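Here is a friendly walk through one protein model. Have the sequence and the 3D view open as you read.

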Amino acid sequence: MKKIGFLSFGHWSNSAHSATRTASDVLLQSIDLAVAAEELGADGAYFRVHHFAQQLASPFPLLAAVGARTKRIEIGTGVIDMRYENPFYMVEDAGASDIISGGRLQLGISRGSPEQVIDGWRHFGYAPATGQSDADMGRRHAEIFLDLLKGEGFAQPNPNPMFPNPPGLLRLEPHSAGLRERIWWGSASNATAIWAGQMGMNLQSSTLKADESGEPFHVQQARQIRAYREAWAAAGHAREPRVSVSRSIFALTDDRDRGYLGRGDSSDQIGVIDNMRAVFGRSYAAEPERLIEQLRADEAIAEADTLLLTVPNQLGVDYNSHVIEAILTQVAPALGWR
């Protein structure tokens, strides 16, 4: 395990039990948690993106703010729903955020997840082409985005511009060199993982995937990762790919942990999501010694190079810093981290 970061879903609710009651709470605490995680030695701060929900939605202002407040930690998403995105405008936002952070952006993108509203992307002005699905549209937007990130000129300059132009066709600005290699695809199936490998994107595999064999979640996820790496190698990409998996992992070290999270062992669950039979991975919550044994048996964690810890953001920055610190100091070294 080379890198460990956190993944925040960015929930808020006007509840007496929530430390994040407003959008302002979540945004400002997300920045503070990234700063705290960097000070603790974590490698990444990642954020979910959901529209029409009381959760983080527009990622680039947050990513830029985190980039301005930190110096080392990777900053990413898990994931941006490409059905909603204008790839051209997104290239400009991503380039600016990456430059502000000094080249630390790690953008997870995908066709998206189940929504709060019906066909929400239509409200953003997008519709699939005839004969295509919304998933096809999301992948097409991703392909355009990836192509634009190369930084090649494509637009004919105005012969009478307001400001002088460089010679040749123009590209979108600001261009951030190297960002193309730091794009990840969030995959829930073996087929889309293979497609991501062929396209030269890193792979994000979450806490659920299509149930394609009936085997335990971590076994299916490990097989997905191996299929992705095989597709990457067959495509002949020059660099080494990166793979992340997300897990809910909590070391029970004090009474707070046991009160919040010590509910006994959990197990994989089967459900239907977007008309797909899916297997949902278990949560881990145990004393550090037992937790190490459990995680060593997780085949997908062994296959990945990056582990993202899903954090209960509504419990506040101090408690989540404690959660991250407990994993980094009492569990991660035994798994080969650092």
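The notes below cover pockets, one helix and some backbone details of this predicted model.

## The largest pocket

Let's start with the open space. The largest pocket has a volume of about 640 Å³, and 27 residues line it. Nearest its centre lie G112, S113, G186, A188 and L208. Two elements, β6 (183-187) and β7 (202-205), each give two or more residues to this lining. Of these, β6 provides the largest share, with three residues.

Sorted by class, the lining of the largest pocket holds 13 polar, ten nonpolar and four charged residues.

## The second largest pocket

The second largest pocket encloses about 310 Å³. Its lining is made of 13 residues, and F250, L261, V311, P312 and N313 are the ones nearest the centre. Here the elements that contribute two or more residues are α8 (255-261) and β14 (306-311). By class, seven of the lining residues are nonpolar, five are polar and one is charged.

## Helix α3 and its surroundings

Next, follow helix α3, which runs over residues 87-101. How does its expected span compare with the distance between its end C-alpha atoms? At 1.5 Å a residue, its 15 residues should span 21 Å, and the end C-alpha atoms are 21 Å apart, so the two agree.

The buried residues of α3 are P87, M90, V91, A94, G95, S97, D98 and S101. They pack against two helices, α2 (59-69) and α5 (134-148), and against the strands β3 (74-77), β4 (80-81) and β5 (105-110).

Both ends of α3 deserve a look. At the N-terminal end, N86 acts as a cap: one of its side-chain oxygens lies 2.9 Å from the backbone nitrogen of F88. Just after the helix, G102 has a positive phi of about 75°.

## Cis peptide bonds

Now for the backbone. G78 and V79 are joined by a cis peptide bond with omega of about 5°, and V79 sits in the loop between β3 and β4. Another cis peptide bond links E173 to P174, with omega of about 0°; P174 belongs to the loop between α5 and β6.

## Positive phi outside glycine

Which values of phi do F52 and D119 take? For F52, phi is near 60°, a positive value in a residue other than glycine. F52 is in the loop between β2 (44-47) and α2, and its relative accessible area of 44% makes it partly exposed.

D119, also not a glycine, has a positive phi near 45°. This residue lies in the loop between β5 and α4 (120-123). With 29% relative accessibility, D119 counts as partly exposed.

Methods: Residues numbered from 1 in each chain as written. Predicted model: local features only at pLDDT ≥ 70, side-chain atom pairs only at ≥ 80, totals over all residues. Heavy atoms only, no water. 1 Å grid on protein atoms, 1.4 Å probe; cavity = no way out; pocket = protein on both sides within 12 Å on 5 of 7 lines; lining within 4 Å. Points joined across faces, edges and corners; volume = space filled by probe spheres on them. Helix = DSSP H or I, 4+ residues; strand = E, 2+ residues; numbered from the N terminus. Nonpolar A, V, L, I, M, F, W, Y, C, P; charged D, E, K, R; others polar. Expected span 1.5 Å × (residues − 1). Buried < 20%, exposed > 50% of the residue type's maximum accessible area, 1.4 Å probe, protein only. Contact = heavy atoms within 4.5 Å. Polar contact = N/O pair within 3.5 Å; in protein donor to acceptor, adjacent residues only side chain to side chain.
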